[in-house]
Every structure is written in C-alpha cells, then in structure tokens.
Amino acid sequence: MTSPQAANGLTIENISAGYGQALAIRDISLTVAPGQVVALLGRNGAGKSTTLKAVMGMLHLRSGSVSMDGVTVSNRPVHARARTGIGYVPEDRRIFTGLTVSENLEAGRRPADGTDAWTPKKLFDLFPNLAPARDRHAAQLSGGEQQMLALARTLMGNPRMLLLDEPSEGLAPVIVDALAQVVKTLKQEGLGILLCEQNTVFTAKVADRAAIIESGSLQYEGSMSELALDDAVRKRYLAV
Amino acid sequence: MLTGQILTGLAGASVLFFIAAGLSLIFGVTKIVNFAHGSFYMLGAYIAYTLTEAFGASGLGFWPSILLSALAVGMIGALAEITVLKPVYKAPPLFQLLVTFGLVLIIEDLTLLVWGPEDRLGQRAPGLSGAVELLGTQIPSYDFFLIAAGPVVLGLVWLLLNKTRWGILVRAATEDREMAAALGIDQRILFTGVFFLGSALAGLGGALQLPKGGADLMMDLTVIAPAFVVVVVGGMGSLTGAYVAAVVIGLANTFGVVLLPQATLVLMFLVMAVVLLLRPHGLFGQPERAERGHTPGAGYPAAGAMEKAIWSVVLIGALLLPLAQDDFILVLATDIAVAALFATSLHFLLGPAGLVSFGHAAYFAIGAYAAALISQQIDGPGMEIALASAPVLAGAAALLFGWFCVRLSGIYFAMLTLAVAQIVWSLCVQWTDLTGGDDGLLGLWPSDWADSRMVYYYLTLALSLAAILLLRRAVHAPFGFALRAGRDAKARAEAIGIDVMHQQWLAFALAGAAAGLAGALFVFSKGSIFPDEAAIPRSVDALVMVLLGGVGHLAGPVLGSAAFTLLHDQLSRFDQWRLLLGIVIILVSTLAPAGLSGLPAMIRAFAMRRRI
Amino acid sequence: MTLLDVQRLSKRFGAVSAVDNVSFDVARTEMLAIIGPNGAGKSTCFNMIGGQIEPDMGTVLFDGTDITRDTPQKLFRSGIGRTFQIAAVFQSMNVREVLQTALLSRDGRTASFLFPARRYKGEEADELAASVGLQDFLNTECRALSYGDLKRVELALALANRPRLLLMDEPTAGMAPDGRQQMMRLVRSLADKSGISVLFTEHDMDVVFNHADRILVLNKGQVLALDTPDEIRADPAVQAVYLGEEA
C-alpha cells in the first residue's frame with residue numbers, strides 16, 4: 001500500500017462509464033506519474049474525452065476507481081476532485097466569456113500547499129499574449145488565446161496533475177508549437193499530464209508514454225519510442 | 001398630478017427591482033425559475049409587520065427591524081434551497097419549477113396559520129411619515145426614500161458581484177456551472193449563498209413596501225408576474241437591466257391605473273411584448289446558452305396491441321360508470337374528462353412541440369368565458385352554440401397571442417405565455433361589465449336535453465375523447481412529425497424546408513382551441529365561471545397533471561389528470577389542503593420525475609439493476 | 001459556369017469583424033473547401049450562405065438569383081442542401097422517419113393531419129437511405145446511431161430535394177480517419193453522378209487536399225488565398241499563418 005502523502009500521481013483502475021444505457025469506456029486502467037506526459041490516442045469517439053470526464057467526475061463511474069497521490073477520489077464530487085490537485089482543461093475550453101481575463105484567472109485560483117504558487121504575473125510570463133489582454137472580456141480573445149487562458153485558469157488552482165483534452169484542436173500550427181513549449185515547461189516543473197490528442201506531431205513533441213483507446217477499451221500501452229517502431233499498432237488503431 | 005404619478009411609479013419600481021434582482025440572480029446561477037420568490041417577498045412583509053409592531057415606534061427600532069426581516073427571509077430562502085431544491089438540481093427544469101410552486105402553496109398556508117387571514121397594515125416609517133409638496137402635489141416623504149433606495153441597492157449588489165471574489169465565482173457559475181466545479185468551486189455553497197442573497201432582496205422589498213401597502217396573503221402571486229416581466233424585459237441575469245426594466249414597468253403600471261382602469265395590467269404586458277419582439281433576450285440580456293446534457297425529447301411510437309387493449313378497457317369502464325347511480329362519482333368523472341382534455345392540450349405543447357407554456361389556463365378561461373357569455377345571450381340552443389364557438393374563439397386568441405410567443409424560445413417563451421395569461425386574468429377580474437369581475441358569471445346550465453348528470457357526463461366524455469384523439473392523430477400525422485423535427489433540431493429542420501416557427505404557431509393555436517373546449521365543458525358542468533380559472537395556479541395545475549402523468553408518453557396527461565383530480569378531491573377536505581398539495585407536488589417531482597406513465601420503465605430499470 | 005457567386009460578404013459581432021469582405025465563386029460540379037484556423041470566419045461565412053446568420057453586407061448569387069437574405073427553408077426549396085458541423089438529426093425518430101419527414105417537407109405536406117406520417121413514401125425514404133449506405137439502419141433510432149452514421153443521415157437529408165449545391169460544414173469532423181475518406185468519396189461520387197457542386201469547410205488537411213478541386217483559405221475573416229491544392233500547399237503566406245512547416 002502507498003501512503004496517502006506519497007506524490008505518486010494519478011492512478012486509474014478499471015474504470016467504466018457511459019451515457020444512458022451504453023458504456024462509452026470499459027475497464028480502463030492507467031497511471032500517470034509526476035513529471036510524466038501520457039498521451040491518450042485513438043479515433044474521435046473512441047472514448048478519450050469520456051475517460052478524462054470520468055476521471056474528473058463529470059460522468060458517473062459504473063465501476064472502478066480513481067486515486068490521486070494515493071487518495072481515492074472516485075467517490076467525490078467534481079469540485080472535491082479538483083481540490084485534490086487534478087486540473088482539467090476541456091476540449092472546448094469553456095472559458096467564462098463574460099468575465100475578463102484577470103477574472104477568469106481569479107475564478108480558477110486556489111491556494112497552493114507549498115510556497116511556489118502560480119500567480120497571474122507568472123502566468124502572464126508563461127503566456128505573453130494574455131498580458132496585454134488582462135482587462136478584456138474573454139469573449140474577445142482569439143481561439144489560440146482562449147486555449148492559453150483555459151490552461152492558465154486551471155494552473156491558477158495549482159494542480160499537480162493536468163487533464164488536457166485536445167489542446168491543439170482548431171489552432172493554427174504555429175500556435176500549436178508555442179503550446180508544446182508550454183507543456184514541456186510544465187512537465188519539467190513536475191506536473192503529471194494526461195493528454196488526449198489527435199495531432200500526432202504535437203503528441204510526439206511532448207509525450208513520454210502512449211495509450212491507445214479503441215471502442216472504449218484500452219488496446220495498447222507503451223513508450224512513445226516503442227509506439228513509433230510498432231507499425232502494426234499504428235496502422236491498426238491510428239490509421240497513419 | 002402627473003408628477004405624483006411618476007414619483008409613485010418610481011417608488012414602486014424600487015420595490016419591484018429588489019424582487020426582480022433576487023429572482024434574476026437566482027435564475028442566473030441555479031437556472032431555476034423560482035415561483036416562490038413572491039412568497040419570500042410576502043414573508044418579508046409579514047415578518048417586518050411583526051417586528052415593527054414590537055420595536056418600530058422609533059427610528060432606532062424601525063430600520064433594524066426592516067433589515068432583520070430581510071435577513072430572516074434570506075435564511076428562510078437558504079433553508080428552502082437546502083431542504084427542497086437541492087434534491088432536484090439534476091431534474092429537468094419543469095420539475096424544479098413545480099417544486100418552487102409547491103413551496104408557494106406551503107408558505108401560503110404557513111403564513112395563514114401564523115398571521116391569520118386578515119390584511120395587516122404596517123407602521124409608518126418614523127421620520128418619513130409626512131409628505132412634501134412638489135408642483136402642487138403632496139408626495140409622501142417615504143416615496144422619496146424608496147426612489148433613492150433602488151439605485152443604492154443596485155450599486156451595492158453590483159459591487160458585490162464585480163469587486164469581490166465571491167461575486168466573480170457567482171458570475172463564473174452563472175456562465176458554466178460544471179466548469180466552475182472543475183476548477184474546485186463548491187457549487188453547493190455558492191447556490192445556497194445566492195439563494196440567501198436573492199431571498200433577502202425579496203424580503204427587503206416586502207419589508208420596505210409594508211408602510212405603503214401592508215401585508216396580505218395575495219401578495220405572493222400578485223407580485224410574481226410583474227417581477228417575471230421585469231426580469232425578462234431587463235434580460236435574464238442582468239442587474240442593470242432589471243433596474244431599468246423595473247423603472248419602465250413601474251411607470252407603465254402606474255399609468256395603466258390611470259389610463260386603463262378596466263385593464264391595469266394590460267399596459268405593462270404590452271410594454272413587455274414590444275420589448276421582447278424588438279429584443280428577444282430583453283434590454284440587457286444575452287442569448288440563452290444551450291444547457292449541457294439536455295435530455296432528448298420523446299418519440300411517440302404508434303400504440304401497440306397491449307396499449308390499445310388497456311384503453312379499450314378504460315373506455316368501457318368510463319361508459320359503464322353511470323350504472324353506479326352515484327351523482328358524486330359522475331361529477332368527479334366529468335371533472336376528470338375535462339381535466340384530461342385540458343392536460344392533453346398542454347402536453348401537445350410540452351411534448352411534441354417542445355414549448356413550455358406557463359400560461360395555458362388563459363385559453364381554458366377564454367373558452368369558458370366565451371361559452372358563458374354566448375349561452376347567456378342566446379335563448380334555446382345556447383349551450384350547443386357555445387360549445388361549438390368556444391374552441392374557435394380560444395383558438396383565435398391563441399393564434400393572436402401565439403404569434404408573439406413563438407418568436408421567443410426557452411424561458412422567454414414561458415414568461416411571455418405567463419404574462420399573456422395574467423392579462424387575460426386581469427381582464428376577467430377588472431372588466432366587471434362583461435365578466436362580472438370577482439363575482440363571476442352564474443346560472444350557466446346545459447340545455448334541457450343535457451341537463452342531467454348522466455347525459456352531460458356522456459357529452460363531456462364524447463367531446464373530450466374526440467378532441468384528445470384529434471390531438472393524438474396530429475402527433476402521428478405529418479404535422480406532428482414536422483413539429484417534432486423542429487423540437488429535436490431547429491436549424492436542421494429549417495434546412496430541410498420546415499418553417500419551424502409556423503409549425504409551432506399552429507400547434508399553439510390547436511392546443512389553445514382544445515383547452516378552450518375543455519373550458520366550455522367545464523362551465524356547463526359547474527354552472528358558473530370565476531376569474532380563478534385564468535390564474536397562475538390553474539396553469540400550474542395543468543403542468544402538474546402533465547408531469548404527474550409523464551411527458552414522455554401520449555397517455556401521460558390522461559393518467560395524470562385522473563390522478564390529480566382524485567388527489568385534489570381528497571386533499572380539499574382538509575383545512576390545510578394547500579400545504580398538503582404542496583408537499584405532494586414536491587415529493588412527486590423529487591421521487592418520480594418520469595411520472596405515472598414512466599413507472600413501468602422505472603420498475604423495469606430497477607429490476608435490471610437488481611439482476612446485474 | 002458559376003453556380004454560387006459570393007461577393008463582398010461581411011459580418012461583425014460587436015467589435016469583432018468575423019467575416020470581412022469575402023468574395024469567391026463555386027463552379028458547377030466543383031468541390032471547394034474553405035479552410036483556416038478556428039475563428040477565421042469559416043462557420044460564420046458558411047452560416048451566412050446557408051441563411052442561419054444575416055450578413056451585414058455583400059450578396060450571394062445562386063445560379064444568377066440573389067439569395068442573400070433567403071431563409072434556410074427557401075434555400076432548401078431552391079436546391080441547396082445543408083449539413084451541419086455537429087450532426088443533429090431528429091433524435092426521437094428512426095432513420096426512415098427522419099427521411100420521411102424531409103420528403104413530407106419537400107412535398108409541402110407538413111400541415112397535414114390526414115394520414116399517419118409513417119405511411120408516407122417509405123420506399124423513397126429507403127432508397128434515399130441506401131444512397132448513403134444506411135440501408136441496414138432504417139429502423140434504428142437516431143440516438144442509437146454511431147456518429148459517422150449520423151453524418152450520413154445528415155447527408156441523406158441534404159439530398160432529399162435533389163440539390164444542385166451542397167453546403168457541408170465539417171463533413172467529417174468526429175469521424176474515424178478511414179471513415180473520413182470513405183465519406184468524402186461518397187460525396188464525390190454523388191456529386192459526379194448528379195452534377196452537384198459542394199462547398200465544404202474542413203479541419204482535416206488530408207481530406208481537404210485529397211478531395212477539394214480548389215481551396216479557399218480564410219484568416220481573421222479575410223481571404224488569404226484561393227487556388228488549387230498544389231498552389232495552396234506551396235503558398236508561403238498560407239504556410240506562415242496556418243499550415244506551418246509540417247504541411
């Protein structure tokens with residue numbers, strides 16, 4: 001048994017979840033260690049986003065459990081999971097468009113355990129585009145800036161584990177490169193990241209390990225370098 | 001004179017703003033349309049009455065009493081939120097609405113128990129009991145105080161929402177509750193806090209108007225319609241909008257009294273109709289966001305053999321009922337037949353059309369009054385002509401009002417239908433020459449051939465059944481398919497050439513006509529008609545019947561109306577029947593959201609879960 | 001041989017200029033793709049042509065007729081079929097019923113009470129379903145369909161009035177990669193067979209470069225380039241703001 005204080009990251013054990021009658025994901029098990037980026041790959045509709053939502057508690061688990069740093073969170077409501085250190089950045093960003101950039105950050109703020117907490121100032125250093133827009137309403141931001149804000153807002157909660165859902169979707173390739181730099185920085189600072197992505201170029205830049213979901217079940221898990229060598233798997237599940 | 005009117009209007013506007021601001025805040029965050037908000041306003045007045053009677057002789061006792069009343073109402077609101085509303089946050093919006101209406105009934109009866117039936121007159125505010133002369137008119141000093149209080153409270157609440165962390169979290173949750181939770185914001189605390197603040201504002205409104213208008217048991221539902229109007233005209237969720245709208249509506253109200261003494265509410269609702277036609281989301285409102293996880297509308301498969309067999313048995317039972325030779329049973333069965341038609345007509349809007357009407361009683365009442373007036377004018381076949389024309393007239397009224405209503409959607413549509421029903425109700429009360437006002441119209445009995453309980457029962461059964469079958473047919477006909485297409489995916493339906501608004505308009509008229517027939521049948525079974533038939537509780541009765549039966553099935557409204565009529569009959573034998581009915585409504589909404597027609601599926605699902 | 005002629009189309013939302021002076025044309029039987037980053041104005045442009053949003057300025061000519069402010073209903077009757085980015089068909093119906101509803105609308109029968117809708121032109125609905133490969137799903141409730149199949153239902157709906165122009169907003173979004181190519185091959189063959197032009201937006205560059213005859217690149221509401229796939233791929237301006245070095 002691990003002690004509750006151990007910073008051993010996110011552990012997902014045999015979770016199943018779904019909408020209505022149907023199960024969208026079955027028996028998914030994964031671990032993400034601090035400082036590690038795990039990419040969840042697979043086709044649209046395979047169950048990647050559902051997995052993240054189930055971890056976050058936005059979808060009721062039919063079975064299985066989720067724990068963060070040894071603490072079981074799967075019986076807790078969404079906000080309590082966030083408070084154990086899991087941060088979620090959804091696919092469609094869901095920034096608060098009626099709030100200013102600064103207010104969006106304030107909405108995400110939660111005190112950190114340690115002293116090295118994120119502040120708006122540090123985040124504006126990380127995302128220079130946001131600084132001049134701090135008093136503007138978030139609705140006026142471009143797609144790329146909105147993605148940055150969504151990430152910055154979640155970082156204000158000082159998470160130790162990030163769930164990133166399709167962060168590069170709909171962004172111009174040049175912005176995607178900038179985003180990859182940020183993700184690498186966060187990783188070096190010890191954040192664990194579970195990443196859903198379709199963009200293979202982006203994934204290859206940042207991920208350490210890959211897990212492939214097909215039809216709601218985990219089909220493959222391995223390091224990114226192993227996956228790069230395994231043509232059969234890539235052909236079968238990723239069609240690349 | 002004019003100055004006096006304007007100032008009175010502005011003073012009233014402040015009170016209206018306090019109520020509307022609370023309503024708007026609560027709706028913004030919880031997405032609940034809180035019918036009980038008027039009840040909180042009423043409680044504010046009664047509590048302030050008790051406190052100022054005890055301590056209000058001096059300013060030192062009076063003003064703290066007012067503030068204390070607001071705080072007490074805030075606590076009551078928070079308590080109601082924790083005990084009654086929390087369990088239904090995940091239920092469809094209509095159930096939340098019904099739960100708040102259950103609260104209205106409960107608070108009304110409790111207030112009656114505590115303070116008794118007499119109207120209460122409040123203390124004058126110490127130091128402000130005099131009047132000031134302005135341009136030759138005596139203006140009460142207290143009016144000036146109220147006029148100033150509006151912007152002050154607006155400013156304070158604005159500061160709270162924009163300059164505090166709590167306010168930022170409230171605004172964030174107003175936009176996207178689930179995302180707020182994912183950022184670690186505990187919504188339960190936020191919701192309770194918002195309910196406290198919103199209810200306290202309503203309580204403040206009630207307490208502050210006590211010196212002017214006193215406290216009575218009708219305040220709750222009298223104020224709720226103007227408050228809804230203010231929120232909708234200002235734009236859901238906008239505080240500034242609520243203030244501007246309160247001023248506009250407050251003035252319209254005052255001038256309504258002067259210009260149209262027969263129809264004081266008409267002017268106010270006309271203002272609302274015009275604003276909404278020009279700005280469908282109100283003066284300062286944003287388009288509604290589509291709610292996430294919205295439950296798909298029901299499909300209505302053709303009846304199977306089993307269903308047909310059950311209905312045949314029910315029908316044979318209904319035909320054989322007079323054999324029981326019991327007048328009371330026949331009266332009850334006639335009531336059920338009328339209610340079944342009324343509920344089915346509302347279900348046609350709620351279900352296949354996907355239009356949530358809060359004011360369906362309007363068309364029931366129009367049919368009823370039309371039938372009553374026609375049968376009074378015509379000797380001989382008065383009833384026959386009345387029964388034939390009532391649905392036509394009610395349908396025509398629905399065609400007229402529906403043209404405005406279907407231009408709006410969601411909560412705005414619901415509010416406009418409620419407003420229209422309030423216009424109809426106010427005409428029934430105030431146009432005494434025509435409608436007899438509160439005394440109603442009496443002595444309206446069936447033609448001689450139908451003037452026995454049995455014959456009239458058969459007549460009602462036959463006409464209700466025919467109309468219900470027609471509505472059922474409409475659901476399965478091309479008309480109903482195109483209607484459902486518009487409900488399921490509006491843009492998609494329009495892109496295959498369906499004029500969704502037109503389709504909804506016709507559905508609204510059809511439902512209105514059917515409700516009108518139910519109203520006409522009702523008149524001759526009771527022999528009289530009163531304005532109550534157009535009032536909010538009647539519209540809510542119909543909603544309760546439909547939801548009790550279940551929206552997802554065409555048999556729902558028939559089942560629901562039978563159950564509701566029988567239940568109502570049993571409960572009305574008790575003194576505190578409102579309290580009991582309120583509790584029943586809350587329990588049903590909380591425990592059986594699929595209604596009676598959904599029970600078989602619920603039982604099956606339960607059994608499946610047990611097996612797994 | 002211009003079928004659709006878009007001239008100086010513009011739309012502002014508050015301070016944001018979503019579409020700014022955009023002009024282009026679609027020739028008969030041509031497949032024209034609109035691409036660009038999120039927020040470039042693709043969807044706004046599309047919704048203005050499809051009648052969902054009213055433009056501030058500009059005109060849209062369809063076969064020489066001004067259709068700029070026509071409602072979606074009217075566009076359908078003029079021969080323009082439309083599919084949506086997020087497939088949303090009538091969830092409470094099965095596939096056959098959905099298509100029957102479209103046929104009822106096409107034939108102007110939506111006000112009728114006279115007969116059950118389920119008895120209306122079932123065979124034609126079945127043929128329509130078969131034309132997009134849904135013959136095995138006629139009695140399946142739409143809420144139980146996979147996303148790819150839902151997209152096919154959308155396509156069948158758009159074809160119900162034998163259109164001359166198809167407007168497809170992200171026709172393959174949300175589909176598996178092999179399904180995407182299959183879908184576009186289907187569109188292509190339908191277009192060739194019936195002489196339909198197709199205007200579509202798309203994020204998947206494989207789909208765009210494999211299937212479009214010409215590509216319109218939007219950026220910040222303005223036209224950045226309009227040319228054949230090969231020219232677009234080589235265009236330095238497009239590479240800078242959109243495609244980046246990988247393309």
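Met168(C) touches a good set of residues from elsewhere in its chain: leaving aside anything up to four places away in sequence, its contacts are Phe46(C), Thr83(C), Leu155(C), Val187(C), Val198(C), Leu199(C), Phe200(C) and Thr201(C). This is a predicted model, so read every value here as computed from predicted coordinates. Met168(C) sits in strand 7 (residues 165–169) of chain C, and at 1% relative accessibility it counts as buried. One of its partners, Thr201(C), is 33 residues away along the chain, yet the two C-alpha atoms are separated by 6.7 Å.

Staying with chain C, two residues have an unusual backbone. Most residues other than glycine have a negative phi. Thr29(C) is not a glycine, but its phi is positive, at about 60°. You'll find Thr29(C) in the loop between strand 2 (16–27) and strand 3 (31–35) of chain C, where it is partly exposed, with a relative accessible area of 37%. Lys220(C) also has a positive phi, near 50°, and is likewise a residue other than glycine. Its place is the loop between strand 9 (214–219) and strand 10 (222–227) of chain C. Lys220(C) counts as exposed, at 66% relative accessibility.

Over to chain B, and a buried residue there. Val338(B) belongs to helix 13 of chain B and counts as buried at 4% relative accessibility. Beyond its sequence neighbours up to four places away, Val338(B) touches Phe364(B), Thr460(B), Ser464(B), Ala518(B), Leu521(B) and Phe522(B). The C-alpha atoms of Val338(B) and Ala562(B) are 9.9 Å apart, although the two positions lie 224 residues apart along the chain.

Helix 13 (327–350) turns up again around helix 19 (residues 478–488) of chain B. Helix 19 is mostly covered, with 11 of its 11 residues buried. Those buried residues include Phe479(B), Phe481(B) and Leu483(B), but also Arg484(B), Arg487(B) and Asp488(B). What do the buried residues of helix 19 of chain B pack against? In chain B, the list is helix 13, helix 18 (453–476), helix 20 (490–494) and helix 21, and chain C joins in with helix 3 (95–106).

Now for two helix pairs in chain B. Packed helices are described by the angle between their axes and the distance between the axes. Here are the values:

| Helix pair | Axis distance | Angle |
|---|---|---|
| Helix 14 (residues 361–377) of chain B and helix 21 (residues 500–526) of chain B | within 6 Å | roughly 50° |
| Helix 5 (residues 141–163) of chain B and helix 10 (residues 239–259) of chain B | 10 Å | about 170° |

Helix 14 and helix 21 of chain B are therefore oblique to each other, and the crossing is right-handed. On the helix 14 side, the contact uses Tyr363(B), Phe364(B), Gly367(B), Ala368(B), Ala371(B), Ala372(B) and Ser375(B). Helix 21 of chain B answers with residues including Gly512(B), Ala515(B), Gly516(B), Ala518(B), Gly519(B) and Phe522(B). By class, this contact between helix 14 and helix 21 of chain B has 12 nonpolar, 5 polar and no charged residues.

The other pair has its own geometry: helix 5 of chain B is roughly antiparallel to helix 10 of chain B. Gly150(B), Pro151(B), Leu154(B), Val157(B), Trp158(B) and Leu161(B) of helix 5 meet Leu239(B), Thr240(B) and Tyr243(B) of helix 10. The contact of helix 5 with helix 10 of chain B comes to 7 nonpolar, 2 polar and no charged residues.

Last, the rings. Over all chains, the count comes to 19 aromatic pairs. How are Tyr46(B) and Trp115(B) arranged? Their ring centres are 5.1 Å apart and their planes stand at 35°, so the pair is tilted. Tyr46(B) is in helix 2 (residues 37–55) of chain B and Trp115(B) in helix 4 (residues 93–115) of chain B, so the pair links distant parts of the chain, 69 residues apart. Both partners are buried: Tyr46(B) has a relative accessible area of 0%, and Trp115(B) has 15%.

In chain C, Phe115(C) and Tyr120(C) form a stacked pair, at 5.6 Å centre to centre and 25° between the planes. Phe115(C) is buried, with a relative accessible area of 18%, and Tyr120(C) is buried too, at 10%. Back in chain B, ring pairs link Phe35(B), Phe101(B), Phe228(B) and Phe358(B) into a cluster.

Definitions and conventions. Residues numbered from 1 in each chain as written. Chains lettered and ligands numbered in written order. Predicted model: local features only at pLDDT ≥ 70, side-chain atom pairs only at ≥ 80, totals over all residues. Heavy atoms only, no water. Axes fitted to C-alpha atoms, helices over the stretch in contact; angles between N-to-C directions. Helix = DSSP H or I, 4+ residues; strand = E, 2+ residues; numbered from the N terminus. Parallel < 35°, antiparallel > 145°, perpendicular 65-115°, else oblique. Left-handed = near helix turned anticlockwise from the far one by under 90°. Contact = heavy atoms within 4.5 Å. Nonpolar A, V, L, I, M, F, W, Y, C, P; charged D, E, K, R; others polar. Phe/Tyr/Trp six-rings, centres within 6.5 Å; stacked < 30°, edge-to-face > 60°. Buried < 20%, exposed > 50% of the residue type's maximum accessible area, 1.4 Å probe, protein only.
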